[in-house]
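Biologist: Could you take me through one part of this model in detail, the way two packed helices meet and what follows them in the chain? I would be glad of the cut-offs too, and of a few other places to set beside it.

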Amino acid sequence: MTRTYQICTRCVMDTSDARITFDSNGVCDNATDFYSNVLPNWHPDEQGANELEIVIEKIKKDGLNRDFDCILGLSGGVDSSYLLHIVVNDFGLRPLVFHVDGGWNSELAVHNIHVLVDKLGLDLFTEVINWEEMRDFQLAWFKAGVPHLDIPQDHAFIATLYKFADQHNIKYILNGGNISTECVRNPMEYFYYGTDMIHIRDIIRRFGSVKMKTYPFSSILRHKVYLRYIRRIKVLRPLNYRPYVKADAVQLLEREYGWKPYPQKHFESRFTKFYEAYWLPERFGFDPRRVQFSSLILTGQMTRDEALKRLEKPAYDPSTIGSDFEYVARKLRISTDELGHYFTMPKKFYWDYKNQETLFNAGAGVLKAIGLETSIKR
Ligand SMILES: [Zn+2]
């Protein structure tokens with residue numbers, strides 16, 4: 001199924017996102033959805049500040065007799081780092097701060113996590129994922145030939161988040177997800193749902209070789225339905241209630257904490273860097289920077305021309321990609337030939353394996369219809 005190449009006239013999303021549609025002016029559905037559904041309901045202004053203040057007071061009150069009044073996962077990236085800063089510094093909340101160490105932290109991420117936690121005087125709860133299990137789990141995704149190789153890292157994060165929230169009886173999850181830098185969604189064919197346990201189990205059954213004894217799993221039924229709607233754990237995205245300009249956030253973090261910026265979003269993990277800068281664009285023809293830049297264009301933080309110019313060059317450094325390739329192979333304890341085989345093998349997608357896409361989409365539709373969720377993943 002090939003379609004004629006087309007790029008949006010407003011942002012830089014193009015037909016590398018197979019399900020993209022364009023109107024008669026050549027504007028993509030991401031941009032149309034942003035202007036008609038997201039922007040009118042987005043209030044990073046006084047209205048948002050007032051709404052947020054009410055929620056913050058409630059979080060404080062509910063947390064009075066608890067060790068923590070909320071929970072926050074820190075990857076060391078800009079969004080979660082800046083969120084931690086405002087949560088502690090501006091709001092005076094007492095978050096349980098956790099980090100998931102899946103074995104791929106960059107030195108930069110480790111540095112950034114520690115400068116923040118140290119200066120803010122917080123304890124850090126680190127969940128170290130058993131490396132033998134993580135390695136085998138990641139290898140299974142390579143062997144499956146699919147693009148969504150980041151599920152082992154993503155799933156561990158979500159499961160750990162809900163585990164700590166449940167253990168410490170925490171009612172509020174603070175999430176760094178935000179409209180400002182993430183209003184354009186990643187295409188489903190490359191970033192499938194990380195919590196579809198039917199899908200995960202199928203991949204493990206076919207390609208895994210190690211018993212997953214300690215890796216943290218959480219089904220969507222448990223964390224989205226039981227914990228969120230029965231136990232009433234709430235998720236709040238504070239960055240949507242006030243102005244959030246990425247460049248300003250980076251500056252503040254550098255100045256106040258000695259935090260150091262990354263060359264690209266999600267580069268706090270060496271694996272994600274390899275995967276998003278090299279594997280996805282070169283094996284699957286999809287460059288995640290399109291989504292990131294398009295979000296910044298729609299929210300007025302980057303021009304379309306600048307994005308196009310930056311997209312002309314690859315996200316990886318061609319002079320070091322050879323050693324990055326070797327690093328990933330060595331770390332996964334496979335030969336570069338074997339990794340090269342996974343790179344060139346026939347492409348597979350989530351629909352080539354058992355999955356619950358229909359159920360997940362239906363669930364998302366129901367939650368949106370009853371007003372519990374605001375956007376649908378494509
Ligand atoms: Zn567009």
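Modeller: Happily; I will start with one helix pair and its loops, then turn to a second pair and some single residues.

First, the ground rules: this is a predicted model, in which local features need pLDDT of at least 70 and side-chain atom pairs count only at pLDDT 80 or more, while totals for chains, interfaces and linings use all residues. Residues are numbered from 1 along each chain as its sequence is written, and side-chain values use heavy atoms, with hydrogens and water left out.

Two packed helices are described by the angle between their axes and the distance between the axes. Helices here are DSSP runs of H or I with at least four residues, and strands are E runs of at least two, numbered from the N terminus. Axes are lines fitted to C-alpha atoms, for helices over the stretch in contact, with angles from 0 to 180 degrees between N-to-C directions.

Look at H6 (residues 151-167) and H9 (residues 220-230): their axes come within 11 Å and cross at roughly 30°. H6 is therefore roughly parallel to H9; that label covers angles under 35 degrees, with over 145 roughly antiparallel, 65 to 115 roughly perpendicular and the rest oblique. The crossing of H6 and H9 is left-handed, that is, the near helix is turned anticlockwise from the far one by less than a right angle, clockwise being right-handed. From H6, Ile158, Tyr162 and Asp166 take part in the contact, and from H9, Arg222, His223, Leu227 and Arg228; contact means heavy atoms within 4.5 Å. By class, the residues of this contact are three nonpolar, one polar and three charged. (Ala, Val, Leu, Ile, Met, Phe, Trp, Tyr, Cys and Pro count as nonpolar, Asp, Glu, Lys and Arg as charged, and the others, Gly among them, as polar.)

Now for the loops. Asparagine 169 sits between H6 and strand E4 (172-174), and arginine 232 between H9 and strand E5 (234-236). Asparagine 169 is not a glycine, yet has a positive phi of about 55°; arginine 232, also not a glycine, has a positive phi of about 60°. Asparagine 169 counts as partly exposed because its relative accessibility is 34%, whereas arginine 232, at 55%, counts as exposed. Here buried means under 20% relative accessible area, exposed over 50%, and partly exposed in between (1.4 Å probe, protein chains only).

For a second pair, take H4 (residues 107-120) and H10 (residues 246-257), whose axes come within 10 Å and cross at roughly 60°. H4 is therefore oblique to H10, and their crossing is left-handed. Val115, Leu116, Lys119 and Leu120 of H4 meet Leu253, Glu256 and Tyr257 of H10. The contact of H4 with H10 has five nonpolar, no polar and two charged residues.

Finally, some single residues. Threonine 181, in helix H7 (residues 179-182), is buried at a relative accessible area of 5%. Leaving aside neighbours within four places in sequence, its contacts include Asp79, Tyr244 and Lys265. The structure holds zero disulfides, a disulfide being a pair of cysteine sulfur atoms within 2.5 Å. For cysteine 183, the nearest cysteine sulfur, that of cysteine 11, is 8.7 Å away. Cysteine 183 counts as buried at 15% relative accessibility.
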